[in-house]
Structures are given as C-alpha cells and as structure tokens.
Amino acid sequence: MKLTDKKVGVLMGGRSAEREVSLRSGVAIYNALKGLGYKVVAIDVDRDPCTSIKREEIEIAFLALHGGQGENGAIQGMLDVLGIAYTGSGVLASALAMDKEASKKIFLYQGIPVPSSIVVHNSELNASLVDFDLPWVVKPATEGSSIGVSIVREKGQISSALEEAGLLSDRVIIEKYIEGKEIHIGILNDRVLGGVEVRPSLEFYNYKAKYTEGLTEYILPPEIENNVYERAKEVALSAHRALGCKGATRVDLRVDLGGNPCVLEVNTIPGMTETSLLPKIARHAGLAFADLIEEILKGVLYEEGQEKK
C-alpha cells in the first residue's frame, strides 16, 4: 500500500493552554496533506479523544497537539494501545521533553549544557534556595509556548512570577537568565535542518511574541560565528537524542556572550503555524511546507531506513 492510500487523521486542539495554536497548526497540516493527495481527516481531540479517533478509523495519526496530554506522552500511549502509528516521539521521550525538570536531569547526566536552576514545589513557592545571581527565568515545569514564563530582574518581582507559574504546574523552575542570543535548531528524522535566531521586540520570546505577526525578527541563519553555530547544532542534536526523540523536533537554546550554547528545552511537537519556527528553518533549508509535512509523515513508516510493516 502506498503512503497516500493510508487514512491520516490530523489530531489537533485538545484542552491545553495551547489549544488555539494547535488548531492553527492542525489546519495548516491538514491543508498541506490534502493538497498532496492524502486521505486525511481533521480530528479535534477534546473530551473523548479515543472515541473520536476510533470513529474515523484512521491508520496514521499526525499529531498537531501542543502542550498537555497531547505532548506529554498520554495521547501517544493511547495510540500505542489502539495500534495506530503516529508522528513524532514515543511515550517516554514525549513525557521527558514536556517535563523540564526531568529533561534537565538527563541533559546534565549526558554532559549537555543547561542554565543553572532550582525547582520549587507549589507547597513552598519561594526563592530562598536560589544560589545564582539575578536575573532569573521563572517558568512552569510542564508547559510549552512560554506560557506562564516571567523574567525576574528584581527580587520584588519573584512572588508574582512564582504565583503565575504555579497556576500551571505543581512544580516551578527558577533558572539563571542567560544574556546573549536565542537560537532555535530544527531537527528532522535525526538530522539537523538548520537554525534561526529570534529577536523579539518584547522583553523576551513569550507567547505574544511567538504568535503575533510583526513582533519578532527572524534571522536565518543566525548571526553568530560559524563555529558557535556548529556547536549549537551539535548540542541540539545531542539533546534530541538524549531524550530518545523521533521525527521533527525544535531545540531551544541560549547562546551566551562567550559563544557557549545552553539548552532550554526540546519541543517534540513544534508549531506549524504561519509564524512557527520549524517551517521557517525548513524553508531556508530548501524544504517547502508541504514537503516538510510529508517528510514528517514518512518518518512514521521508516525507522533507520526500514519501512515499518
């Protein structure tokens, strides 16, 4: 059977804080697959995803779910039980990538550079144990798209930042803010596509800067020394592999003033909206949006060069 003969369900929406972005990603993916001649259906994964997915009798799930159960391994586990192939990383890699505390521990074990940080629980939301200088980044341990993230430059700001992040996760990460440049590296089927430097007009690359056109400048390739860029790509690929990721990921890094890259997080289901970074990186690498989507889909059937039966 040809790939285009298989019925593909684009799973989008969900109930996370990133629902609207997921819907935009899903529609773009659906339109691309439709244009390529695939048998494709859009599925809004809301309160009863199992019933919705089984009703459509899909053979492959193209995951366009951002945050929450769509990206933390829960949906992946359900699809494994149902025997439905899906794009992207498996249960464990998805769970590890979504949990910034867990992924940091793995990066440190593997010798992958990350910013200094501590984790506080909601029962003890205070910054008394921080032993590194301001400014700090305060963020939920289990959210994406910079939701609930704050930059703390004065100690008087910490309480409100902890409270905001604590509404979204039972654990909050306080991380050393890295002065320098923000670089995002795109990875597709275990190879680096390239990278982009983001320069937001706001204080940092937050949710509004990510999804409002005109608020961020994108530089492709990043304006950094070539050896620094190559090092950033190596570190990003190491982070992707350390978590056991598959398919398409986007690795977010800060490159400090000395040219040293630090991994912030790995996104196992990168955004596919008109302002999303992975499509920009792919386009700069010569891969049109529809071709990127098809390559991600092909990654479901091929692992280490062998077609899955």
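Where is the place of Glu 175? Select residues 171–176 and you have strand E8, with Glu 175 in it. Keep in mind as you look around that this is a predicted model.

Now show the side chain of Glu 175. This residue is buried, with a relative accessible area of 2%. Add Lys 139 to the view: its side chain makes a polar contact with the side chain of Glu 175, at 3.1 Å. Leaving aside neighbours within four places in sequence, Glu 175 is also in contact with other residues you can light up, including Lys 104, Phe 132, Trp 136 and Leu 264.

Next stop: helix H4. Select residues 74–82, then pick out Ile 75, Gln 76, Met 78 and Leu 79, which are buried. They sit on the same side of H4, because they cover an arc of only 160° around the axis. In an α-helix, residues three or four places apart point the same way, since there are 3.6 residues a turn. To see what covers the buried residues of H4, bring up strand E1 (7–12), helix H2 (49–56) and helix H5 (91–98), which are among the elements involved. Before you leave, click on Gly 83 just after H4; Gly 83 takes a positive phi of about 75°.

Last, the second largest pocket. Select Gly 14, Arg 15, Ser 16, Gln 69 and Gly 70, the lining residues that lie nearest its centre. The pocket has a volume of about 190 Å³, and 14 residues line it. Helix H3 (residues 68–71) gives the largest share of that lining, three residues. Colour the lining by class and you get four nonpolar, eight polar and two charged residues.

Definitions and conventions: Residues are numbered from 1 along each chain as its sequence is written. This is a predicted model: local features need pLDDT of at least 70, side-chain atom pairs count only at pLDDT 80 or more; totals for chains, interfaces and linings use all residues. Side-chain values use heavy atoms; hydrogens and water are left out. On a 1 Å grid over the protein atoms alone, a cavity is a set of points where a 1.4 Å probe fits but cannot get out, and a pocket is an open set with protein on both sides within 12 Å along at least five of seven lines; lining residues have an atom within 4 Å of a point. Grid points are joined across faces, edges and corners, and a volume is the space filled by probe spheres set on the points. Helices (H or I, at least four residues) and strands (E, at least two) are DSSP runs, numbered from the N terminus. Ala, Val, Leu, Ile, Met, Phe, Trp, Tyr, Cys and Pro count as nonpolar, Asp, Glu, Lys and Arg as charged, and the others, Gly among them, as polar. Buried means under 20% relative accessible area, exposed over 50%, partly exposed in between (1.4 Å probe, protein chains only). The arc is that of the directions from the helix axis to the C-beta atoms. Contact means heavy atoms within 4.5 Å. A polar contact is a pair of N or O atoms within 3.5 Å; within protein, one must be able to donate a hydrogen and the other to accept it, and residues adjacent in sequence count only if both atoms are side-chain atoms.
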